[in-house]
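Student: I should like to examine this structure with you, element by element. May we begin once it is displayed?

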Amino acid sequence: MNDFTQMGLPEKLVARLADMGLTEPTPIQKGAIPFAMDGRDVMGLAQTGTGKTAAFGLPLVAHIGAMGRPEPKGVQGLVLAPTRELAGQIADTLRDLTQGSPLKVAVVVGGQSLNAQSKRLERGVDLLVATPGRLIDLLDRRAVRLDQTRFLVLDEADQMLDMGFIHALRQISRHLPAKRQTMLFSATMPKLMEELSGEYLDNPQKVQVSPPGKAADKIEQSVHFIAKSEKQALLIELLDTHRDELALVFGRTKHGSEKLMKQLEKAGFAAASIHGNKSQGQRDRALQAFRDGTVRVLVATDVAARGLDIPAVRHVYNYDLPNVPENYVHRIGRTARAGRDGAAVAFCAPDEAGELRAIQKVLKMTIPVASGRPWEGVEAPGQGGGGKRGGGRGPGGGGGQKPGSGKSSNRRRRRPNRAKAA
């Protein structure tokens, strides 16, 4: 199927897509929409930035648009997302798709007034986007009912499992009718996903447009082997090569990310941060400033690894490598969106060799080295074994660098290629 007109979507919805400049469906949309329009349960597996929201959003809007009004406190279609940011972006997309129609879209997430959200749901909504924890709060208050919900979507289901939402999902499922259409979308396929799909989906149609864990083809990946103490200087050096472009920097901890953001500000960069210690208002303002270009560098924890859809992001830096290897795929998926190119740069300190090894196992590839020599135990390009390249001697080994030295021979051995950094 080459365009949306051949997918069984209503003419008004296809016209709305044309108004939005969308005429050619992406691979996940081509694969999932026809089955969803036929009422089938769907398990969609695709890398980030491939149009998954519209893949489930278009069938939802089409089906619910043909139904009557919801009952008081009722919900006709429910979309569950793991983070506030992702929930907000899904709601924005659904509002774009329903513009000019009578369908009402609501979003309920933590960090906002429960009373205000309860009031918003009193008359019922056609489409509700929610984070699991806040939805349970509202169910406990009897502010919302799901017994008439005919459509359920679990978006970024693998992250919901990573974040420990499995029990919350089971609690929510008890409020849902057995007869419904369910769609589950994910970028990776951990083992627990099979169990989750067995609980929620009925004879689903599996649609996979790229191997789980595969990074977007247009992302140019590289890794710098460098001492932890030298990371900040290298980051500033690389950011300085593309000051006019948007860059997303991932840290591991809330405190560390905030400290790094302040150091970047001191270095003259327009920077902001988002992490769990920030209020929802602060996070929203930081994202908006990043989106409109007022802020060029956004430092974030994995709270932004999903649900951040800003096509102008050209660079993603893994300042700290993630503990969960699949999160690397989601992090770098914030660039090379909407068909654009992007660069993903990783920094690997000696104590992160295990994380890098796990990431490369998930990717089924060796990330090209931009500078430095791989630490002991990290497979180097072209090597098939353990990769004891660089003669790492102890925790500070690899690349001939002395532990605790103020200078990194890794970084200065080969200056990063400016074309790659841009």
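Student: Which residues of helix H12 are buried?

Tutor: This is a predicted model, and in it H12 covers residues 280-291. Buried here denotes a relative accessible area under 20%. In H12 the buried residues are Gln280, Arg283, Ala286, Leu287, Ala289 and Phe290.

Student: What covers the buried residues of H12?

Tutor: The cover includes a helix, H4 (84-98). Strands also contribute, among them S9 (246-250), S10 (271-274), S11 (297-300) and S12 (313-318).

Student: Which residue stands opposite Ala106 of strand S3?

Tutor: In a regular strand the side chains alternate between the two faces of the sheet. Strand S3 (residues 105-108) is covered on both faces, with Val105 and Val107 buried on one side and Ala106 and Val108 buried on the other. S3 runs parallel to strand S4 (residues 125-130), joined by four bridges. Opposite Ala106 in S4 stands Leu128.

Student: What is the hand of the β-α-β crossover from S3 to S4?

Tutor: S3 and S4 are parallel. The chain passes between them by way of helix H5 (residues 114-120), and the crossover is right-handed.

Student: Is Asn203 buried or exposed?

Tutor: Most residues other than glycine have a negative phi. Asn203, although not a glycine, has a positive phi of about 45°. Its place is the loop between helix H9 (191-200) and strand S7 (205-208). With a relative accessible area of 58%, Asn203 is exposed.

Student: What is the relative accessible area of Lys73?

Tutor: Lys73 is likewise not a glycine and has a positive phi, of about 65°. Lys73 lies in the loop between helix H3 (52-65) and strand S2 (75-80). Lys73 is partly exposed, and its relative accessible area is 33%.

Note on methods: Residues are numbered from 1 along each chain as its sequence is written. This is a predicted model: local features need pLDDT of at least 70, side-chain atom pairs count only at pLDDT 80 or more; totals for chains, interfaces and linings use all residues. Side-chain values use heavy atoms; hydrogens and water are left out. Helices (H or I, at least four residues) and strands (E, at least two) are DSSP runs, numbered from the N terminus. The expected span of a helix is 1.5 Å times one less than its number of residues. Buried means under 20% relative accessible area, exposed over 50%, partly exposed in between (1.4 Å probe, protein chains only). Contact means heavy atoms within 4.5 Å. Two strands pair if DSSP finds at least two bridges between them. A crossover is right-handed if, with the strands pointing away from the viewer, the path from the first strand over the helix to the second runs clockwise.
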